[in-house]
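Here is a walk through one fold, taken strand by strand and ring by ring. Have the viewer open while you read.

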Amino acid sequence: MSPPDASVGAAPPTREQRFTEVFIAFADTLVDDYDVVELLDRLVTVCVEILPVSAAGLLLDDQRGQLAVVASSSEETRLLEVFQLQNDEGPCLDCIRTGSAVTISEIEAEAERWPLFVPASLRAGFRSVAAVPLRLRAQVIGGLNLFDAEPGAVSEDSRRLAQALADVATIGILQRRSTHRGDLVAEQLQHALNSRVVIEQAKGVIAERNGISMEQAFELLRTRSRNSNEKLTAVARAIVQGQPGAAIVEGADPR
Amino acid sequence: MDDRVRWNRALLDATSAGPSAPLVISRLCVESLGVSGAGVSTVTPTGKRSVLCATDATAALIEELQFTLGEGPGIDAFRDRAPVLISDLDEPLDFVVDRWPGLLDGLASTDVRALFAFPLCVGVIDLGALDLHRTEPGPLSPDDLAGALMAADSIVLALMRGAGRFENVWHEDAESRSTSFRQVHQATGMVQVQMGVSTDEAFLLVRARAFSSGRPVSDVADDIVERRIRFSPEDS
């Protein structure tokens, strides 16, 4: 007789159990001290894991008239192009402008509406797309974009879950621990955007030093953050500033 | 500020104004963003603050008080790398009273009612802060907020351009100033390593290359990230 095995007979977690775990984990994070870029990064990763989609990305209004990609489920250039292109047109831009979800079950059918977005999405291998707003009361600060390789509208269930994840992102961005309580949205949004810039600068430094891709550089950065138990942005900042080279402007890095 | 294209053009022209560029941009803010005054302070790597410019006596007082007391919105904006937007000093939130007692005292005899501070930073590049004030209370409109953020971006470029050895570093398009293109920041990190220079110099090198080749900075950044363009210390 073999010893009893706890895993034998234990059913794999149901969809509902998985969702519950995900939301409990985010709730835990939000009451703790967290890194906003790391939170958003985890969020798009979770989207791809628990929703029937192939790729996810978060775009924020940079408050200067452009959209900035602050998190994406992959670093694949074609995917990033599709996100970035939505500065000009596309479901995420429409979603941010109107504050309502946009669901497209067959991208190909929208070629007239979005002459740039449609071919770029098809080239990247996507057939359907959805976008849900990051919204705080009347103010829309960005959009969560979901792409799938298969045609077909996201179900009402999936859309509601995506909206709930987008709400987590909104709260995560806007409730960062701060000494200030002035115009919160602008203060917090700009902080999140600048943190993302630090991450990108660090990815460049790591990729060049090690001769690796941006995707690998980001993975290395995340691993280092996890192993040292330091926040992602702090690790990134230390890496960029640890690079030799005298600042040319009085007041510029390295500190 | 209701026309972003024109505003962007005015800012780009102003960045060419040499050492007076921060003052020129500060004056533009007063003309176009519905504020009463503007001032800029920089902070050295060792934390030493200096007042760079101010558009009027009140703006100068705000800069001087922050310099002397080491407290105020500009100091907090620089440290937190986020704007600090206080729309009514007569009904200050608790944290204002707690954090800036000396500044509030110093401004008591003035008619300053609103303070808006913006960090001069791009990722790890931290240069100082732009302080705007208004004699009327009330938040910045979304357009004026956009205008102020763009002005702060332009002061960053002007400061770097003034300190660097590059004359022409950007095209006259919004994108050169934009911080929304992630490959530009990735390219900056790569060039920093390739050239053994600081982040701010790498930031300028990428833009200078875009200018000299007549291409958008995001395209050049793509080439750097895809390793089609490589910088070498021997080139300079």
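What follows starts with chain A as a whole, moves into its sheet, and ends with the aromatic rings. Keep in mind that this is a predicted model.

**Chain A overall**

Chain A has nine helices and five strands. Going along the sequence, the elements come in the pattern α-α-β-β-α-α-β-α-β-β-α-α-α-α. Out of 255 residues in chain A, 54% count as buried. The exposed surface of chain A comes to about 11300 Å², with carbon and sulfur atoms supplying 51% of it. As for contacts in chain A between residues at least 6 apart in sequence, 60% of them join residues at least 24 apart.

**The sheet**

The five strands make an open sheet in the order β2-β1-β5-β4-β3 (chain A), and the pairing is antiparallel. At the edges sit β2 (67-72) and β3 (102-104) of chain A, each pairing on one side only. On average, neighbouring strands of this sheet are turned by 20° against each other, direction ignored. Helix α4 (residues 91-98) of chain A lies across β1, β2, β3, β4 and β5 of chain A, and it runs at about 30° to β4(A).

Why is strand β5 of chain A largely enclosed by the rest of the structure? Strand β5 (residues 139-148) has ten residues and nine of them are buried, so the rest of the structure largely encloses it. As background, side chains in a regular strand alternate between the two faces of the sheet.

On one side, β5(A) is joined antiparallel to strand β1 (residues 55-61) of chain A by six bridges. Strand β4 (residues 128-136) of chain A also runs antiparallel to β5(A), and nine bridges join these two. Some of the facing residues are set out here:

| Residue | Opposite residue in β5(A) |
|---|---|
| Ala55(A) | Phe147(A) |
| Pro133(A) | Gly143(A) |
| Leu136(A) | Gln139(A) |

The hairpin of β4(A) and β5(A) has two residues between the strands, and within this hairpin Arg137(A) takes a positive phi near 45°.

**Rings and charges**

How many aromatic pairs does a search of the whole structure find? Over all chains, the search turns up four aromatic pairs. One of them is Phe117(A) with Phe147(A), a tilted pair at 6.0 Å centre to centre with 35° between the planes. This pair links distant parts of the chain, with Phe117(A) in helix α5 (residues 117-123) of chain A and Phe147(A) in strand β5 of chain A, 30 residues apart.

Are these two rings' residues, Phe117(A) and Phe147(A), buried or exposed? Both Phe117(A) and Phe147(A) are buried. They also belong to one aromatic cluster that takes in Phe83(A), Trp114(A) and Phe126(A) as well. Phe147(A) thus turns up twice in this story: it stands opposite Ala55(A) as part of β5(A), and it is a member of that aromatic cluster.

Elsewhere, charged side chains meet ring faces. In chain A, the charged end of Lys203(A) sits over the ring of Phe218(A), 5.0 Å from its centre. In chain B, Arg209(B) lies over the face of Phe231(B), at 4.3 Å from the ring centre.

Notes:
Residues are numbered from 1 along each chain as its sequence is written. Chains are lettered from A and ligands numbered from 1 in the order in which they are written. This is a predicted model: local features need pLDDT of at least 70, side-chain atom pairs count only at pLDDT 80 or more; totals for chains, interfaces and linings use all residues. Side-chain values use heavy atoms; hydrogens and water are left out. Buried means under 20% relative accessible area, exposed over 50%, partly exposed in between (1.4 Å probe, protein chains only). Helices (H or I, at least four residues) and strands (E, at least two) are DSSP runs, numbered from the N terminus. Two strands pair if DSSP finds at least two bridges between them. Rings of Phe, Tyr and Trp (its six-membered ring) pair if their centres lie within 6.5 Å; planes under 30 degrees apart count as stacked, over 60 as edge-to-face and the rest as tilted. A charge sits over a ring if NZ of Lys or CZ of Arg is within 6 Å of the ring centre and within 35 degrees of the ring normal. Axes are lines fitted to C-alpha atoms, for helices over the stretch in contact, and angles run from 0 to 180 degrees between N-to-C directions. Contact means heavy atoms within 4.5 Å. Accessible areas come from the Shrake-Rupley method with a 1.4 Å probe; for residues, only the protein chains shown count as cover.
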